[in-house]
Each structure stands twice: as structure tokens, then as C-alpha cells.
Amino acid sequence: MPDTPSTHEEKVRAFWARYAERVLESGAKPPFDRWLVLRAEAYVAAHPGRKLADQSAAEVDAYLAALGRKPGVKGWQVRQAANAIRILLELAGVAWMLAHELDRRALGGFTAARVIELFCA
């Protein structure tokens, strides 16, 4: 039986509430915790209609690389986005993320995997 709109909305709200809890558990403090939520929401919005479980490491790499090429975006902001996405994919139970089998595409001298490894673990 398909989800009714209200049931779907409740599931979405519950997911983001769990995400916010996980962000706090990761050690992020207010107001910086909100920025991780915003970065994760931006990632999801950039992939409309796509389930997190269906996304690949290459897509994460491409997203982070594109973010890093935007004028005015600093390296720490890309690392922040990488951390937000790591938490998001772990919470969603994305198998390749949980296994740390990340694609090794270049990202401004680092791969997304290396950014996560260096700055988010």
C-alpha cells in the first residue's frame, strides 16, 4: 500500500529529526549543527526524486567538486558539506558509504574519500 501524503511527510520529518540528532551526536555544536543540516538538505535538493540508496560515490564526488568550483566557496565549506553528506548517507544506510568504498575522483587535490577521511572521521 503506497504512503499517503501525510504519512510520507511524517517519514520525511522523522528522518530529518534523526539526522539532526546524529549531527549533535557527531559533536557539532549550535549554531554549526544547523549548517550541517542545511548542507545535507542542499545535497538532497540537488538530486530530486533520487533515493539516497541509489546514489553513487561518483555522484557525491561530482557534487563536492561542483561545490568547490563555485566562486566564493572555501575549502572548509566543501569539508563541511562532505561531513554533512557522510552523516546523511550513514543514517540512510547506504551500503558503499558504510563500507567506506568511496570513488577516488580528484577534488581540488583531494578525493571526496580523502576529504571525508581527513576531516570528517
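**Exercise 1.** At what angle do the axes of helix 3 and helix 4 cross, and within what distance do they come?

*Solution.* The model is predicted.
Step 1: helix 3 covers residues 57-69 and helix 4 covers residues 75-91.
Step 2: their axes come within 9 Å and cross at roughly 155°.
Step 3: angles over 145 degrees count as roughly antiparallel, so helix 3 is roughly antiparallel to helix 4.
Step 4: the crossing of helix 3 and helix 4 is right-handed.

**Exercise 2.** State which residues make the contact between helix 3 and helix 4, and sort them by kind.

*Solution.* Step 1: helix 3 contributes Val60, Tyr63, Leu64, Leu67 and Gly68.
Step 2: helix 4 contributes Gln77, Val78, Ala81, Ala82, Ile85 and Leu89.
Step 3: among the residues of this contact, nine are nonpolar, two are polar and none is charged.

**Exercise 3.** Compare the span of helix 4 with the expected one, and decide whether helix 4 is enclosed.

*Solution.* Step 1: helix 4 has 17 residues, and at 1.5 Å a residue they should span 24 Å.
Step 2: the end C-alpha atoms of helix 4 are 24 Å apart, which agrees.
Step 3: 13 of the 17 residues of helix 4 are buried, so helix 4 is largely enclosed by the rest of the structure.
Step 4: just after helix 4, Gly93 takes a positive phi of about 75°.

**Exercise 4.** Is Phe32 buried or exposed, and how far is Phe32 from Gln80?

*Solution.* Step 1: Phe32 lies in helix 2, residues 32-45.
Step 2: the relative accessibility of Phe32 is 55%, so Phe32 counts as exposed, the cut-off being over 50%.
Step 3: Phe32 and Gln80 are 48 residues apart in sequence, and their C-alpha atoms are 9.7 Å apart in space.

Note on methods: Residues are numbered from 1 along each chain as its sequence is written. This is a predicted model: local features need pLDDT of at least 70, side-chain atom pairs count only at pLDDT 80 or more; totals for chains, interfaces and linings use all residues. Side-chain values use heavy atoms; hydrogens and water are left out. Axes are lines fitted to C-alpha atoms, for helices over the stretch in contact, and angles run from 0 to 180 degrees between N-to-C directions. Helices (H or I, at least four residues) and strands (E, at least two) are DSSP runs, numbered from the N terminus. Angles under 35 degrees count as roughly parallel, over 145 as roughly antiparallel, 65 to 115 as roughly perpendicular and the rest as oblique. A crossing is left-handed if the near helix is turned anticlockwise from the far one by less than a right angle, and right-handed if clockwise. Contact means heavy atoms within 4.5 Å. Ala, Val, Leu, Ile, Met, Phe, Trp, Tyr, Cys and Pro count as nonpolar, Asp, Glu, Lys and Arg as charged, and the others, Gly among them, as polar. The expected span of a helix is 1.5 Å times one less than its number of residues. Buried means under 20% relative accessible area, exposed over 50%, partly exposed in between (1.4 Å probe, protein chains only).
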